[in-house]
Amino acid sequence: MSKKGKRSGFRKGKMTALDYFIFAVLLVVGFMILIPFWNVIMISFSTQKEYAENPLMLFPRNPTLASYKALFADGSILVGYWNTFKLLIVGLPLSLFLTSSMAYGLSRAKFPGKKIIFFLVLFTMIFNGGIVPLYLVMKSMHLTGTLWSVIFAGSFSAFNMILMMNYFQSLPESLMESARLDGAGEWRIMLTVVLPLAAPIMATITLFYGVAYWNSWYDAMIFLRKADQLPLQNVLRAIIVESSTNASNAASVDSVGKQGFSTGMKMAAVFVTMVPIMCFFPMLQKHFAKGVLTGAIKT
Amino acid sequence: MKSAALEGPGGNGKGRSKLGSLFIEIWKHRMVYTLLLPGLIWLVLFAYLPMGGLSLAFKEYKANLGIWGSPWVGLENFKYVFRDPAFLDSLWRTLYINIVKLVIQFPFPILLALMLNELRMRRAKKWFQTVLTFPHFLSWIIVSGVVINVLAYDGLLNSTLMMFGLPTINFLGSESMFVPMIIFTDIWKSTGWGAIIYLAAISGIDQDQYESAEIDGASRMQQMFRITLPNILPTVTIMFILSVGGLMSSGFDQIFNLANAATKNVSEVLDVYIYRITFQSATDFSFSTAVSLFRSLVNMALLLLADRVAKMMGGDGLFR
């Protein structure tokens with residue numbers, strides 16, 4: 001692969017039928033993604049009466065914040081926000097610590113046991129114990145019923161570690177060598193030499209873990225018992241899935257007392273859960289463009 | 001220091017000096033091991049201890065004795081597992097849904113990547129990429145909220161159908177619509193992200209190939225089929241292997257959140273079955289561990305098999 005970059009001569013020339021065809025197809029697909037979200041957001045801003053008359057809501061005539069007021073008055077979504085916030089505040093630094101120290105360690109030149117340890121990490125990607133043993137292990141450590149169980153279950157991802165390791169391996173060894181000659185230990189080198197050079201990958205991995213914590217709900221559903229401990233996604237699930245008339249699995253923990261949510265409130269709940277991802281998403285997008293992921297596909 | 005002492009006799013016994021140099025190497029890298037320690041502790045506690053807990057599949061779980069103290073019963077649990085019709089149903093259903101998904105869904109990201117790559121409007125390309133990858137980063141809970149809103153009997157799609165005087169369709173509550181609905185919504189959510197991976201592979205293609213093809217007068221279609229596609233074939237293979245490795249699982253989040261009472265007869269896939277027998281009906285941890293051990297083993301076997309087949313066919317495998 002000698003030359004990369006934009007195809008030369010590719011942007012030259014006139015637009016052909018092919019170009020217009022591709023553009024048209026992509027435009028249709030794009031609208032198929034956007035319109036459902038648009039519909040959700042507009043319903044959340046419309047009155048119950050207007051939505052009942054016209055479910056095909058794309059532009060509400062009398063926009064209102066009534067659904068949001070009712071949703072926040074109910075309060076459960078705020079509890080969910082707070083719990084997810086706690087998850088992120090504790091979980092993110094822990095995840096980054098575990099992942100970056102291991103990634104830096106494994107990116108070092110050969111040392112005894114390196115292959116075995118890397119295999120131990122890789123193996124967790126193709127085989128795992130499943131939820132039951134994990135639940136029993138968590139229970140025996142008295143972690144179930146606390147947010148710690150959710151934090152620990154999600155605090156390390158082999159995939160993210162390998163991504164980071166690949167990046168560290170691509171850094172010039174001479175920098176670390178000179179720091180080593182100055183008498184710096186490996187931890188110091190990692191903190192003062194490697195991590196400052198690794199800003200793009202650190203940002204990417206932070207966002208990956210952030211999104212994973214934000215979206216996690218299964219562990220919380222299994223490990224937590226009290227409704228006031230549940231993260232945002234579980235609260236949202238209680239509001240939209242379990243309160244709908246034909247919901248199944250209504251017997252699970254987080255279904256108590258979640259009746260009487262109007263469609264507008266449900267859609268408002270979807271929107272407030274989605275907003276942070278929408279804000280951080282452009283940042284995520286930027287890093288894909290850089291091809292950070294290219295190395296990760298093959299491990 | 002210990003290693004220095006071992007090294008002392010020097011060349012007396014080959015084995016000892018080898019062991020000695022190993023200790024020297026370990027001692028030399030002691031800092032590296034401290035770097036690995038936190039991660040290793042996590043792996044032991046939350047990955048390998050639960051893996052050891054899979055031994056429960058061969059035991060009869062007694063709450064007061066715990067995983068490690070419960071008595072061994074051999075393959076007793078598996079006998080009951082394979083006699084449970086609900087298990088067998090969920091097993092076939094899982095394979096059915098995932099194989100249909102694999103056949104129908106797999107080409108979509110490749111197609112999308114090729115289209116995005118051919119699109120010459122760079123601004124528009126970036127916009128499309130952003131919009132199409134967005135749903136991947138949302139949980140299935142959020143997406144099911146959106147999906148239910150669009151597909152419900154009074155939702156966006158049915159209202160549109162009604163407006164044009166067409167018959168409405170019960171997308172969410174009918175057994176025959178369930179699998180198509182699952183496949184369609186999964187395509188909707190994940191195609192954009194899948195395409196990103198292929199686009200990354202495309203961006204690594206040697207540009208000289210296109211230039212010489214252009215000199216030879218190859219059309220864009222020809223370039224697409226003769227250069228772009230063959231060059232991303234290794235990535236296609238890897239994605240295919242990974243999909244095969246997930247034939248027994250995947251889709252829990254989606255199905256759990258989109259299933260309802262009306263579709264409960266067609267929606268219980270293996271993971272939903274495991275969840276139900278573990279946390280909803282009479283709890284028998286040994287029994288459900290046996291099921292999940294079976295699932296994990298088959299998944300791993302399928303992954304390794306697909307990898308082997310890919311290598312035999314001359315392609316790149318997952319593991320070098």
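A salt bridge is a side-chain nitrogen of Lys or Arg within 4 Å of a carboxyl oxygen of Asp or Glu. In this predicted model, two salt bridges are found across the interface of chain A and chain B. One of them joins the side chains of Arg220(B) and Asp19(A), with a distance of 3.1 Å from N to O. The interface also holds 16 residue pairs in polar contact, counted where both residues are at pLDDT 80 or more.

Helix 1 of chain A supplies the largest share of the side of chain A that touches chain B, namely 18 residues. By class, that side of chain A consists of 71 nonpolar, 26 polar and 13 charged residues. In total, 110 residues of chain A are in contact with 107 residues of chain B. The two chains bury about 9,900 Å² between them, and 73% of this area lies on carbon and sulfur atoms.

A further interface lies within chain A, whose domain assignment gives domain 1 (16-64) and domain 2 (69-299). Seven residues from domain 1 of chain A and eight residues from domain 2 of chain A take part in the contact. Between them, these domains bury about 670 Å², 81% of it on carbon and sulfur atoms. Zero salt bridges are found across this domain interface, and the count of residue pairs in polar contact, both at pLDDT 80 or more, is zero.

On the side of domain 1 of chain A that touches domain 2 of chain A, helix 1 (17-44) and helix 2 (48-53) of chain A each give two or more residues. Helix 1 of chain A gives the most, with five residues. The residues of this side of domain 1 of chain A divide into five nonpolar, two polar and no charged.

Key. Residues numbered from 1 in each chain as written. Chains lettered and ligands numbered in written order. Predicted model: local features only at pLDDT ≥ 70, side-chain atom pairs only at ≥ 80, totals over all residues. Heavy atoms only, no water. Domains from an automatic or database assignment. Contact = heavy atoms within 4.5 Å. Buried area = accessible area lost by both parts, 1.4 Å probe. Polar contact = N/O pair within 3.5 Å; in protein donor to acceptor, adjacent residues only side chain to side chain. Helix = DSSP H or I, 4+ residues; strand = E, 2+ residues; numbered from the N terminus. Nonpolar A, V, L, I, M, F, W, Y, C, P; charged D, E, K, R; others polar.
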